[in-house]
Amino acid sequence: MSEPVLHEVEQILHAVLADPGVATQWMAGRLVKAPDAARGFTGLEPALGAGPPRRAARPAAPAKGQVRRPEPEAEQATAEKLADRAGMDVAAAEEEVRAAGERLETARAVSADAAARLKEAGRAAEKGWARAETVARKAEKLTSPEG
């Protein structure tokens with residue numbers, strides 16, 4: 001893939017992860033253009049000497065009426081599914097571009113062939129007119145009283 005395409009896919013995936021509205025559009029197959037660059041994905045690297053973040057003890061079940069936030073592993077699996085889907089979408093788009101390129105080449109070949117035939121037909125028409133004029137002159141000589 002080209003660098004601009006990779007950048008656009010990365011931009012889409014960042015937006016999907018950062019903006020629930022974009023994620024909803026993308027999952028519904030209704031994302032028609034790459035969203036603006038998502039904020040919050042830079043500077044996430046840990047400070048030098050800092051260890052990995054500690055995992056808290058597993059939270060208790062949510063109280064009645066509360067919504068439980070998915071585990072980080074579930075979020076990662078969802079992100080992986082989104083990335084896989086994006087990869088498939090990119091592959092499908094690349095196939096469409098390849099097929100369109102083939103159609104364009106075919107159309108160019110047909111156009112060039114038609115132009116050559118038109119030029120040939122023009123030459124044949126010129127020869128036909130020249131013959132017709134010659135025949136008309138001969139006929140005029142034969143039918144004229146001076147002939």
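The fold, the contact of two helices and the largest pocket are described here in turn for a predicted model.

The chain comprises three helices and zero strands, and its elements follow the order α-α-α from the N terminus. Of its 147 residues, 10% count as buried. Where contacting residues lie at least 6 apart in sequence, 45% of the contacts join residues at least 24 apart.

Helix 1 and helix 2, the latter formed by residues 20–27, have axes that come within 5 Å of each other and cross at roughly 115°. The crossing of helix 1 with helix 2 is left-handed. On the side of helix 1, the contact involves I12, A15, V16 and A18, which meet P20, V22, A23 and W26 of helix 2. This contact is made up of eight nonpolar residues, with no polar and no charged ones.

The largest pocket encloses about 440 Å³ of space. Its lining consists of 20 residues, and those nearest the centre of the pocket are E8, I12, D89, V90 and A93. At least two lining residues come from each of helix 1, spanning 3–18, and helix 3, spanning 72–143. Helix 3 makes the greatest contribution, supplying nine residues to the lining. By class, the lining of this pocket holds twelve nonpolar residues, seven charged residues and one polar residue. I12 thus appears in two settings: the residue is among those of helix 1 that meet helix 2, and it also belongs to the group nearest the centre of the largest pocket.

Notes
Residues numbered from 1 in each chain as written. Predicted model: local features only at pLDDT ≥ 70, side-chain atom pairs only at ≥ 80, totals over all residues. Heavy atoms only, no water. 1 Å grid on protein atoms, 1.4 Å probe; cavity = no way out; pocket = protein on both sides within 12 Å on 5 of 7 lines; lining within 4 Å. Points joined across faces, edges and corners; volume = space filled by probe spheres on them. Helix = DSSP H or I, 4+ residues; strand = E, 2+ residues; numbered from the N terminus. Nonpolar A, V, L, I, M, F, W, Y, C, P; charged D, E, K, R; others polar. Axes fitted to C-alpha atoms, helices over the stretch in contact; angles between N-to-C directions. Left-handed = near helix turned anticlockwise from the far one by under 90°. Contact = heavy atoms within 4.5 Å. Buried < 20%, exposed > 50% of the residue type's maximum accessible area, 1.4 Å probe, protein only.
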